[in-house]
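Student: Could you take a close look at the aromatic rings here and walk me through how they pair up?

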Amino acid sequence: DFLCISLVNGFTQLRYNLGDRTVILQTLQKVHTNGNTWHLLNAGRVGNEGYLDLDGINVTQKASSGMNALDTHSDFFVGGVSSLNLVNPMATENEPTGFTGCIREMVINNRELNLTVTDPKGGANIGDCDGTDCGYTVCKNNGTCQVGNSGFSCSCPKEWTGTKCEQSIHCSQNMCGSHALCIPQPSSFSYTCACALGWTGKYCDNKIKFYIAKFVGNSYIKYTDPFYGKRDLQYSRLSLNFTTNQTEGLIVWMGKSEDEDNDFLAIGLANGTLKVVINLGERISIPLMHRKYFTCSDGRWHFTTVVQNQTCVKVYLDEELILFEDIDPQRKYTALNYGGICYFGGFEIGRKVNIVTTGLFQKEFIGKIKDVVLFQDSKKIQLMKAEGYNIHDGNS
């Protein structure tokens, strides 16, 4: 399998092969090779349907029957490759050769890659393309960059300040402590402080410990599983206690949540009832709903366990088996490749639950969580030692 974007006789070409045939799309117009014109290129595929867009002129390849997943295990290369042997003979029209030119603002699956000295895994023979101190996006938030005798300066829109327009004017005189983030509130010309794990208070200056995590709606915990590399991902298990009086909310998302291709297992509430969603790689998420009775939003503690045995999923609520389903009898994908990441209560500040989960869950969790156990581990995970913000002590 491969996906390759290249220049061929002045035209941009996209080629991909998902395991059965090579699809070729080529732009209708040539690119300018004068060395000072920037082009905007959008290219990719949804299943086996491809698209290629150069400066707003779009070419598509309609979907057909056949393979629809891109299975590659190589590194991701930009502008060239470490060895020409890595290039599939069908990936380019002519003999493969390295790109000469400039590339900036590179976004893969909605994530921008930082084309800097330190962020990539490796590379060779790369220079600075802009040639000035301004470069690309030095000034944040639509600031305008000017080159002067002593470097650059940024002219900022009225809502922003700082040498790179990186700071909201509402946070310029903030009193948030060193364990906090300042969150601007433009509508009230003010700010709030988001407290890191282990801190609370208006300015996040009160140190706390907790064993029960209390979520208030703009809270989240991101836990990285230290044993992920040793897990048997065909047999996953997650259990926890929760309490809430809300009818909607994401309790836990076991997965990276970086793009829609990431595997995940999620537990939450919808209309007051327990909802479990799992994706083992099909991109089609299977929601499992418990409709027997609406008891999860009653302010009491509830114990839930989700067990994934290849494509068979069991869900227990308060020690009772409430769901048992085989989500794919064909056994096409059987492992939960969740990347070792578990989110509790929501996602990073600024990432809305309904958007990240594409509507599977509507809101961040408001309530308490305790006694989280992954797989068959003998110990509960220590939520205090994770990453997160706006978590209160649920004991008090």
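Tutor: Happy to; here is a look at the ring pairs, followed by the charges over rings. This is a predicted model, in which local features need pLDDT of at least 70 and side-chain atom pairs count only at pLDDT 80 or more, while totals for chains, interfaces and linings use all residues. Residues are numbered from 1 along each chain as its sequence is written, and side-chain values use heavy atoms, leaving out hydrogens and water.

Searching the whole structure gives 7 aromatic pairs (rings of Phe, Tyr and Trp, the last by its six-membered ring, with centres within 6.5 Å; planes under 30 degrees apart are stacked, over 60 edge-to-face, the rest tilted). One of them joins Tyr-220 and Tyr-389, a tilted pair at 6.3 Å centre to centre with 40° between the planes. This pair links distant parts of the chain, 169 residues apart: Tyr-220 lies in strand 17 (residues 213–224) and Tyr-389 in strand 28 (residues 387–393) (strands are DSSP runs of E, at least two residues, numbered from the N terminus). Tyr-220 is buried, at 4% relative accessible area, and Tyr-389 is buried too, at 17% (buried means under 20%, exposed over 50%, partly exposed in between, with a 1.4 Å probe and protein chains only).

Tyr-228 and Tyr-338 have ring centres 4.9 Å apart and planes at 85°, so they pair edge-to-face. Tyr-228 is partly exposed at 23%, whereas Tyr-338 is buried at 0%.

Ring pairs also link Trp-253, Phe-264, Tyr-343 and Phe-347 into a cluster.

Finally, the charged end of Lys-275 sits over the ring of Phe-361, 5.4 Å from its centre (NZ of Lys or CZ of Arg within 6 Å of the ring centre and within 35 degrees of the ring normal).

Methods:
Helices (H or I, at least four residues) and strands (E, at least two) are DSSP runs, numbered from the N terminus.
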